[in-house]
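Work through the exercises below with the sequence and the structure side by side, and try each task before you read its solution.

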Amino acid sequence: MTQLLSAAAAETLALLVYPGLITVALFGLVVEIVWSAVARQAIGRPNIWRRRPPTVQVIVALLAVLAAAQFAAPFNPVPPADRNLVIAAIAIGFTAWAELALDPELVARPGLVLVIQACWLLSVLGPAIEPESLRPQVLGNVLVPALLPVKVAAGFLYLLCLPPLMRLWPMAPPAERRARPRFNATRTVLWFPYCGLFTTLFFPPGADDVAGLVRFFGITAVAALLCVLTGSLLARRGAERARGLYARAVAPYSLLLLGLILVTLALTR
Amino acid sequence: MEPELAVALPAAGAACVSALKPRPRLALAAGAALGAGGLLAVFLSRPEVASDQLGITLSLSPGARSLLIVASLALAILVALPPPRAERASLLRWGLGGLAGMTAMAVSPNLAVAVMALLLLVVLQAAGTGRRAFSSRVRAPALAVALLTLALALSALTGPPLLNRLVAVCLVAGLAAALGVLPYIHEFDAEEPTATSPIPWLAFLGPMIAVVVVAHADDLAEGAEDAIGALLIGLGLLNIVVATLASWRTKSDAAAWRYSFIADWGLALCGFGLVLPEGIGAALLVLYSILLGRLPLYLWSRQSLREKAQTDRPINFIVAAALAGSAPFAGFPARILLLRAATAMYWPLALVLACSFLLWLPGSLRLGRTMGVPTGRQLVGVAIALTISVAFGLFPRPLLALAGL
Amino acid sequence: MPPVALLAPIALPIVAAIAAAASARLGEGIARIVASAGAWASLVAIAGIWLAVRSTQELALGPLGFGASFDLRLDGVGVVFGVIALAPAALLLTLQQRGWQESTVASLAIAAVVLAIESDAMVLTAVGGCTAATLAVVQFDIEDVRAVRPAWASVITPWLALAWAGVTLQIEAGTAVYAAVPVSALTIGIFALIAIAAVLGGGIVPWRGWASRIWTRPSLRAAGVTTALLLPLGIYLLVRAYEIGNGRYPQSWLNLALAAWGVLVALAAAARAQAAPNRAEYLAEIVPGLAGFALMAVAIGSALGLLAGVVLLVAAAMLTAALPLLPDRRGAAVLLVVAAAAGVPPGLAFGGRVLGLAAAFETGNVFGLVAVAGAATWLLAAAAAARSVGLPPGRRRLVPAALAMVAAVLGGVVIASGPALAAIATVTSDAIAGVMNQPGDLRPDPLSIITVTAVLPVVALFGPLLVLGGAAVALSKPGQATSTTESKAPLFAVPGATLAATALARLRALSMPDQYRSLFNPAALETVAAGGRPMLWLAALVALIVAIAR
Amino acid sequence: MSDAAAFVAWLGGAVIVLADGRRGLAAGLALLAAAAGGLAWSAGQQEGAIVLLAGGVLGAAIRFTIGPEGWGLMQPGSTPRLLLTVVAGVIALWLGLAATSGESSGFRVAVLVALPLLAGRALQAAEAAVLLTALAGLALVLGVVSTAGPNHVGIAAYAVAALVAAGASAIPIPATPRPRGT
């Protein structure tokens, strides 16, 4: 019973505080403000204290914290053996569709989002095939030369997929009638899950010390900034270019990654 | 003495019923009593006991004995629960006559005497008044008698190896002609009374003819057993494919029923062709299901066939399942045994058979609908037939044990 | 507990069926109560027998006459699959209004499925399965003869295949008893027959087969019971195949092929679901999708995969019971059932899928790719589920509010059962160990599921997540329901679907050109063949002689 | 004796094939009975021969009274039947004398000629009397054949054959069926 209570307490702490809800909210708020500045969108006043949060944001936040709890973040109270990549990937993947289910008018081009999400999933799970492990920190630690090409290619694909998944591309959702999009609370809780997973998967985990902590959040912040940068570039290029890029470039590139995974499998057997 | 009585009592019963036609109740009672006596004699004629009372050794093989018992049971069910517009006395007369002929064939010491009994049956059936021309009623059975006689004659001669193969061809072709299966299908008239139609050859007399011919085939065509098996399997598959499709697509519902009998015969011929015990068991199970299932159901559907009634009640689907040989009805174990024998002999044949089993389904659905909505005696009869089919579908061992398998 | 008690789970539904038919005059309600009582009694009997002895019970009643013996055996696998099949069927028999004929046939089908599961040999399983399939078709026709129903051939074929596999085993190995067949006797050919029986018998196919189409019928009485009974029976055969092969299939590529088939089934179901024009069409794809994942998990060939398959089957069983009870209107019940089916955390479907994917990754090699495809399929199914919320109902069925509540509860239970995964693993560990000879990749633990490379703390993680999620959703403000008057556009067009549809239409439209009709005229051929023409007979005789003389 | 019987068998069969009237049919059946009796006698079955002859002659006598009037031999249009008798005879001679052995040559030729002729007549005829005569003839041939083969049963088989032959001739010819559709 004690074991159960301590484990449950650790998981609850991870879900609610670190690397869960509070971390997700703070990190997301900072990055979203940066994005708002870059995209020159109105920050608005997300007065969440005065009214009940919409169900869609609550569910997205729950999925986000579930994913964050699986990260190889320093001081994560969840034991390394208890973390699971599939849970993280699926929880993040679900966030897009929670929006479609509960507030469909906020989702732009769900078909294309689905294709990009499939590419993103390949970049997340593809590197886990050869190591035969779903522990995020194990995958981050993989530095075997034979597996590095897949890891690098997957990391690049991951970054390519981030802007559309974070709704940073210039596709206006059906309900968006304003010229300057406003502060997006739903996206705010997604910054850390997406970027933290990138850090977890593609960089060796740091030790449970301050340096490790700084390293983890530094890489995560860089990933977020890269995403912001790509998003702003896409915004300047326009919707058609963006659609063309993801339909004609990213999807074939993910097929290339798939081929690379197969070749690696064949070579390492 | 039992084999002699087994022939004489049903024959006497048929004669009594004919003679007492003006007094139907008395005719029925006398016929039923003599028929029951005949059945008792069949029961008492154990396979290992031979009788030589008339200077001719008579005995019943286990398979023939079981068929006689099942045929008697089928006749009893039909007489007790006659189809609408059918006279009990007439049913009993024809049934007892047929039983007497079947028993005579079964107890015959050799095929020649059995063929004589068959010839007598041909003549007796031809004496009835039917809708078809006399010649078209007699032709095919007469050809069967001629072919079987030719087989007997050729088997008595010595000559090149082809001679034995000719015997095999004559035996199988003669059997097919007697039954009225492809390629010797008898002409069929949907309006004709069942007794004078080709149905008795397929559904009542046929099983015994097949058992007797197959029992003597190996002695007659020594060295050509493989040819007999190949011919039986070939004709069996031909009948399965053509008759199941015809039963589904033909215009007349009554003709569809006739084709369904032929399709079942295809299975039985395949079973006899696969000489393994499982094959024989499968063939016998198919014949039992014809006698106890398909024949009574056909007779009970005649009225709705006349009225062209098509219904989609539960009973229609259950009857369809029984006719299709689906589990838990009697056709399913027969198919399993057939699969087993075919797999043991040559697995591609099992594959062909397994695929062909599906051909029963569309035709059976159609036949099930032609049952209409059975009521009263007809409903009781259908229920009894289905119950028997389920019983032997789940536990056919007693029947197979009766047949010595 | 005397072995003869093994007859009870089979006999009780049969007795109930007879009683239901006999009580028809007293009213449909009485028949329904009697039939459902029989189903529940059968379920209780199976559980009771197992709980009483907690070991395999056997009963030998001797040969039946066609190569099979009436020998029954109730082991862990039998209990698990018996409960999975019977629980939803009994629930639906209890809750749904149906006539005495339907109640009777459904009870007999239940008895047949229990016979198939309790049978200790393959041939008798085939008899039970074929009986259940036949009765399912009869049920559909009783319910609504005009509505779409499984083609009879499609539900009979698998059981013929299984019977063939059984008799082949009898010939080659001398027995078809699951526990007695030598490992070497399970050849690729025999396994292929078993696999065909499993996927076709359970309706686990990538095309839009009966398992999907029956859910679009106007009435869902027969569809629910049939799916509840036949789907587990299909998967059950694959589990028994492990027992025959001592925990393995004849070749590992067979595991891979079956797992890929399962993902393909789930992917096809999800692709159809995301293009569904209405909610009814979407709901029709829920069970086939879950069945595909269950097949993938079971086929992986590890104890963890088997556990995942069982968990997914449990989820599918509960959703099978919920689907016929769903109302048309969008509401809590629909949302809960759809969410449960989509696999939202921490539900059973979520846990089952996670375990299945983990098993595939841990098996390694190309199975990893199958797992990636499975994960992508899962997200596609989630997208389809999200899209379905705004779709129009698609059918007009009146469902009492009480039944909608039951459906909502069932959906909620599926979502809330995630923490119970460890309990399910503990309960089924004996059954899994009974068929898998290397259960080392799954160590029983009351709080977690411990695999080779990871630990899934189902209680510690899913428990708090459930509490937090429940509280947060309760405190949140539901969004405005979007208009569902017009259907949403599909997320994508299935590649090649139009081409396939056109090809199929052309194939159906094929007919013999007029100028050749005279060459092949079935009516004329019938007239010739059945016309009693002596010349034809003589020609046939000559043909036979020529054929045999060669 | 068996050779003469074979010729008589061909003659009887040919007459049955060529005749359409009751007298001709009766004559053909009588000839066939004589041939059957002769074959049985030559096989050492004197009682059997008498029984077969009696049955056949009785059948012929009954046929003499039932059926279409007259002899009806070689009616117009009977050329194919005439050819059949000749061809059947020649083929039977070749098969019986050159291609086969065993039993007596007369037996072989008689059986091989009578069976095709009677079977052909049964298949070709439309008149009931003709068909029944062909069946009676077949019964007589069966009687002869029953003596051959592994386990023949002596006089009983002859008696049954004779009874069937007589019975086939004795059964009343059923009324002509109603035309279809009425």
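The exercises that follow concern a predicted model, and each comes with a solution in steps.

**Exercise 1. Chains that touch and chains that do not**

Find which pair of chains has the most contacts, and state how far apart the nearest C-alpha atoms of chains A and B are.

Solution. Begin with the pairs that touch: there are four of them, and the pair with the most contacts is that of chains A and C. Next take chains A and B, which do not touch and whose nearest C-alpha atoms are 38 Å apart. Chain A has no contact with chain D either, and there the closest C-alpha atoms lie 68 Å apart.

**Exercise 2. The make-up of chain A**

Count the helices and strands of chain A, and find what share of its residues is buried.

Solution. Chain A holds 11 helices and zero strands. For burial, a residue must have under 20% relative accessible area, and 55% of the 269 residues of chain A count as buried. As a last step, look at contacts in chain A with a separation of 6 or more: residues 24 or more positions apart account for 82% of them.

**Exercise 3. The largest cavity**

Determine how much space lies in the largest cavity, and which element gives the most residues to its lining.

Solution. The count of cavities of 30 Å³ or more comes to 17, and the largest cavity contains about 220 Å³ of space. Its lining is made up of 24 residues, and those closest to the centre are Ser289(B), Gly293(B), Ala322(B), Ala330(B) and Ser389(B). Several helices of chain B give two or more residues to this lining, namely α11 (253–273), α12 (277–307), α13 (314–324), α14 (331–345) and α17 (376–394). The most comes from α12(B), with nine residues. Sorted by kind, the lining of the largest cavity has 16 nonpolar, five polar and three charged residues.

**Exercise 4. A helix and what stands on either side of it**

Compare the span of helix α15 of chain C with its expected span, and then examine the residues before and after this helix.

Solution. Helix α15(C), residues 348–363, has 16 residues and reaches 22 Å from its first C-alpha to its last, which is close to the 22 Å expected at 1.5 Å a residue. Of these 16 residues, 15 are buried, and the helix is thus mostly covered. Before the helix, in the loop between α14 (332–342) and α15 of chain C, lies Pro346(C), which is joined to Pro345(C) by a cis peptide bond with omega about 0°. After the helix comes Gly364(C), with a positive phi near 85°.

**Exercise 5. A hairpin in chain C**

Work out in which direction strands β1 and β2 of chain C run relative to each other, and how many bridges join them.

Solution. Strand β1(C), residues 57–63, and strand β2(C), residues 69–74, run antiparallel and are joined by five bridges. One facing pair can be picked out at once, since Gln57(C) stands opposite Leu74(C) in β2(C). Between the strands of this hairpin there are five residues, and Gly65(C) takes a positive phi near 115°.

**Exercise 6. Buried or partly exposed?**

Decide whether Ala116(C) and Asn246(C) are buried or partly exposed, and describe where each is found.

Solution. Ala116(C) is in helix α4 (residues 100–118) of chain C. Its relative accessibility is 0%, and therefore it counts as buried, the limit being under 20%. Leaving out residues up to four places away in sequence, Ala116(C) touches Thr125(C), Gly128(C), Gly129(C), Leu233(C) and Tyr236(C). Asn246(C), by contrast, belongs to the loop between α9 (221–244) and α10 (252–274) of chain C. At 41% relative accessibility Asn246(C) counts as partly exposed, and its phi is positive, near 55°, although it is not a glycine.

**Exercise 7. Two backbone features in chain A**

Locate the cis peptide bond at Pro19(A) and the positive phi of Phe75(A).

Solution. Most residues other than glycine have a negative phi, and most peptide bonds are trans. The cis bond joins Tyr18(A) and Pro19(A), with omega about 0°, and Pro19(A) sits in the loop between α1 (2–16) and α2 (21–39) of chain A. Phe75(A) has a positive phi of about 65° and is placed in the loop between α3 (55–68) and α4 (85–102) of chain A. With 42% relative accessibility, Phe75(A) counts as partly exposed.

Key. Residues numbered from 1 in each chain as written. Chains lettered and ligands numbered in written order. Predicted model: local features only at pLDDT ≥ 70, side-chain atom pairs only at ≥ 80, totals over all residues. Heavy atoms only, no water. Contact = heavy atoms within 4.5 Å. 1 Å grid on protein atoms, 1.4 Å probe; cavity = no way out; pocket = protein on both sides within 12 Å on 5 of 7 lines; lining within 4 Å. Points joined across faces, edges and corners; volume = space filled by probe spheres on them. Helix = DSSP H or I, 4+ residues; strand = E, 2+ residues; numbered from the N terminus. Nonpolar A, V, L, I, M, F, W, Y, C, P; charged D, E, K, R; others polar. Expected span 1.5 Å × (residues − 1). Buried < 20%, exposed > 50% of the residue type's maximum accessible area, 1.4 Å probe, protein only. Pairing = 2+ DSSP bridges.
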